[in-house]
There are 6 protein chains.
Amino acid sequence: MNNHHEAGLARLREVDGDAGVALVGKLKTIAPEFGDYVIDFAFGEIYKRPGLDLKSRELAAIAALAALGTAPAQLRLHINGALNVGCAREQVIETVIQTIVFAGFPAALNGLAAAREVFAERGL
Amino acid sequence: MNNHHEAGLARLREVDGDAGVALVGKLKTIAPEFGDYVIDFAFGEIYKRPGLDLKSRELAAIAALAALGTAPAQLRLHINGALNVGCAREQVIETVIQTIVFAGFPAALNGLAAAREVFAERGL
Amino acid sequence: MNNHHEAGLARLREVDGDAGVALVGKLKTIAPEFGDYVIDFAFGEIYKRPGLDLKSRELAAIAALAALGTAPAQLRLHINGALNVGCAREQVIETVIQTIVFAGFPAALNGLAAAREVFAERGL
Amino acid sequence: MNNHHEAGLARLREVDGDAGVALVGKLKTIAPEFGDYVIDFAFGEIYKRPGLDLKSRELAAIAALAALGTAPAQLRLHINGALNVGCAREQVIETVIQTIVFAGFPAALNGLAAAREVFAERGL
Amino acid sequence: MNNHHEAGLARLREVDGDAGVALVGKLKTIAPEFGDYVIDFAFGEIYKRPGLDLKSRELAAIAALAALGTAPAQLRLHINGALNVGCAREQVIETVIQTIVFAGFPAALNGLAAAREVFAERGL
Amino acid sequence: MNNHHEAGLARLREVDGDAGVALVGKLKTIAPEFGDYVIDFAFGEIYKRPGLDLKSRELAAIAALAALGTAPAQLRLHINGALNVGCAREQVIETVIQTIVFAGFPAALNGLAAAREVFAERGL
């Protein structure tokens with residue numbers, strides 16, 4: 001594994017914008033290397049892999065987080081991320097609605113609430 | 001909600017092939033209407049919605065099921081489904097590998113095991 | 001699947017009262033058909049099935065949601081629903097306490113907190 | 001907390017029959033007191049509480065275990081338990097089908113598979 | 001199972017301090033015996049068992065609760081508990097960071113947020 | 001993030017023995033870099049961190065995996081790992097039994113079944 005810090009940071013900025021960089025910065029005081037794991041591993045290693053475009057990665061992230069239902073803040077971050085990399089509002093909503101099938105109505109309802117919040121912040 | 005049985009059945013056959021139709025048929029003896037819910041609601045209502053193409057739906061299904069980790073048989077069904085609707089082998093693998101980020105290494109490892117099994121059955 | 005909208009809406013009103021109808025209405029702006037899925041499918045198809053009375057359905061809903069622990073708002077909705085269809089306060093509490101056995105103390109504690117909130121709102 | 005061993009053992013036998021007693025016995029070699037926790041606490045304390053009849057307890061157990069999807073053997077045990085204490089086959093099936101709403105189709109499908117297995121063993 | 005109330009209460013006070021006793025007291029109005037289950041069973045039976053020291057028990061509790069991600073209040077309680085029984089701040093952080101491996105980045109991030117909150121309250 | 005491959009491989013061998021190295025090797029055909037993520041990131045980055053000894057890491061791993069209940073093969077791997085790095089059989093059992101408190105009886109029972117299997121393989 002080479003040092004993927006620069007590539008990871010660029011990818012993090014592309015997907016999550018300043019909010020992502022700020023989130024990682026906030027981790028400095030409690031767990032300094034944690035931000036590096038997010039940047040170097042999650043974004044630098046996993047998200048930079050070829051074979052799946054960024055839009056599909058973000059929709060898959062939304063699907064996973066909405067189904068799990070345990071991390072609403074990260075779900076909102078990735079809904080923002082999906083829109084940042086060019087997903088349409090409709091694609092986000094459809095991915096969330098599909099959660100009914102795999103994880104039930106409450107998970108989908110909570111996913112929609114997250115989407116509504118993000119859309120409102122962005123004035124969509 | 002109109003009767004979406006025909007459209008749902010066609011979509012089920014497109015995604016899951018004969019295996020999907022057989023699965024639904026097997027439910028007849030224990031819960032006759034359950035198969036209709038799969039066909040009319042899951043496939044006829046949700047999967048037929050515009051705004052998200054079938055490939056993205058199947059990759060999102062794989063992301064959700066691999067993250068949850070509670071339904072390995074359905075994960076294999078949707079890995080088959082993804083390949084049936086035209087996803088590349090590589091897209092499936094990338095979606096599963098990304099599970100590391102959202103649900104940890106064991107979930108991703110079990111997802112890879114499911115993919116390996118499906119690829120072997122299909123001679124990929 | 002016939003059009004079960006009327007029956008589903010009546011059942012939704014019976015179980016969740018005006019709060020349920022309001023919740024479904026709020027979905028209109030983000031995902032117009034989602035409310036129909038709740039009404040036509042969840043309430044019109046599943047909840048209208050014979051073979052299990054409404055009280056048992058609501059206690060089972062509480063058991064499932066308390067065990068999952070990922071949807072506190074829906075748990076409160078179904079605690080209200082259980083009381084609306086005639087379950088005793090004690091039956092709700094017992095169902096939540098039993099969660100200790102199947103999902104551990106934290107899940108049961110969070111379920112009790114949800115119940116306490118609902119009981120307080122209703123002046124029980 | 002008084003010693004509820006006798007009451008718990010009787011309740012365990014009533015709900016799970018010889019299979020339950022055998023399961024508890026099997027724990028002796030690895031964790032001798034674990035069986036006592038099942039008997040004294042789970043059955044002697046929780047299951048003996050008034051305010052919820054045994055049928056409702058077992059249906060709630062099925063709802064929780066089917067929604068969680070992580071303990072298929074215990075789900076089968078409680079499907080047997082529900083039938084042992086007088087629940088109708090239909091009530092078990094309805095409780096499992098309702099899982100679609102709260103935890104999605106895969107959880108409900110796996111619950112139905114568990115029910116089919118138990119019904120087959122009992123010749124239902 | 002003998003009456004382990006005194007031993008359990010002492011252990012609860014040792015691990016969770018006055019916050020734990022207050023939490024149990026708050027349960028009195030809604031489910032009077034629930035507090036006894038926490039004291040007599042969770043602390044009096046399980047936590048008093050020899051073979052694992054209290055520090056390891058609390059780190060294991062943090063690992064389990066951070067991985068599940070469904071009970072943030074109990075996670076904070078056990079982070080406090082770990083510090084109360086002598087775990088170093090660093091051991092808590094390492095246990096939480098390790099969650100990345102078993103349950104993914106969002107679970108670990110939420111665990112770190114819980115730790116940061118507790119450390120701030122204690123002026124660490 | 002420097003290249004932690006050598007350190008990670010040594011740690012993997014220390015914790016999981018030949019079984020761990022074989023598992024990683026098996027991933028080569030389906031996802032060649034996945035093994036590197038296990039070695040470089042999970043073991044080379046996370047597991048090599050100071051501040052928590054290996055025994056505590058393995059007990060925390062057991063606690064997390066037993067609570068989640070979705071990865072029995074990895075749970076067995078880490079029970080083996082705990083014994084490999086010097087944990088006593090009793091510490092493993094206590095960590096699993098404690099799962100009752102945080103995730104309920106079925107999770108603890110399945111954890112005990114995993115432990116029994118591993119102990120039997122090792123002739124303990």
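These notebook entries record what I looked up in a predicted model, going from helix pairs and domains to contacts between chains.

**Entry 1: domains of chain A**

I began with the division of chain A, which the domain assignment splits into domain 1, residues 1-49, and domain 2, residues 51-124. I then looked up the separation of the two parts and found that the C-alpha centres of domain 1 of chain A and domain 2 of chain A lie 20 Å apart. For the contact between them, I noted eight residues of domain 1 of chain A against nine residues of domain 2 of chain A. Helix α1 of chain A, residues 5-26, contributes the most to the domain 1 side of this contact, with six residues. By class, I recorded that side of domain 1 of chain A as three nonpolar, two polar and three charged residues.

**Entry 2: α3 and α4 of chain A**

Next I turned to helix α3 (residues 54-68) and helix α4 (residues 72-84) of chain A, whose axes come within 9 Å and cross at roughly 160 degrees. Since angles over 145 degrees count as roughly antiparallel, α3(A) is therefore roughly antiparallel to α4(A). I also noted the hand of the crossing, which is left-handed where α3(A) passes α4(A). From α3(A), the residues in the contact are Glu58(A), Leu59(A), Ala61(A), Ile62(A), Leu65(A) and Ala66(A), while α4(A) brings Gln74(A), Leu75(A), His78(A), Ile79(A), Gly81(A) and Ala82(A). I classed the residues of this contact as eight nonpolar, three polar and one charged.

**Entry 3: α1 and α4 of chain D**

In chain D, I looked up how helix α1 (residues 5-26) packs on helix α4 (residues 72-84), and found an angle of about 135 degrees with the axes 8 Å apart. This angle makes α1(D) oblique to α4(D). On the α1(D) side I listed Val15(D), Asp16(D), Gly17(D) and Ala19(D), which meet Leu77(D), Asn80(D), Gly81(D) and Asn84(D) of α4(D). The class count for this contact came to three nonpolar, four polar and one charged residues.

**Entry 4: chain B against chain A**

I then moved to contacts between chains and found 26 residues of chain B in contact with 26 residues of chain A. On the side of chain B that touches chain A, the elements giving two or more residues are α2 (34-47), α3 (54-68), α5 (89-97) and α6 (99-103) of chain B. Of these I singled out α3(B), which supplies the largest share of that side, 10 residues. I recorded the residues of the chain B side as 16 nonpolar, six polar and four charged.

**Entry 5: chain C against chain E**

For chain C and chain E, I counted 13 residues of chain C in contact with 11 residues of chain E. On the chain C side, α5 (89-97) and α7 (105-121) each supply at least two residues, and α7(C) gives the most, with eight residues. The chain C side holds nine nonpolar, three polar and one charged residues.

I also checked how these two copies are related, and chain C can be laid on chain E with an RMSD of 0.0 Å by a turn of 120 degrees and a shift of 0.0 Å along the axis. The two copies are thus related as by a three-fold rotation axis. I looked for the residue of chain C that comes closest to the rotation axis and found Thr70(C), at 3.5 Å by its C-alpha. Finally, I noted that only 8% of the interface residues of chain C are also interface residues in chain E, so the copies meet through different surfaces.

Methods
Residues numbered from 1 in each chain as written. Chains lettered and ligands numbered in written order. Predicted model: local features only at pLDDT ≥ 70, side-chain atom pairs only at ≥ 80, totals over all residues. Axes fitted to C-alpha atoms, helices over the stretch in contact; angles between N-to-C directions. Helix = DSSP H or I, 4+ residues; strand = E, 2+ residues; numbered from the N terminus. Parallel < 35°, antiparallel > 145°, perpendicular 65-115°, else oblique. Contact = placed C-beta atoms within 7 Å. Nonpolar A, V, L, I, M, F, W, Y, C, P; charged D, E, K, R; others polar. Left-handed = near helix turned anticlockwise from the far one by under 90°. Least-squares fit on C-alpha atoms with pLDDT ≥ 70 in both. Domains from an automatic or database assignment.
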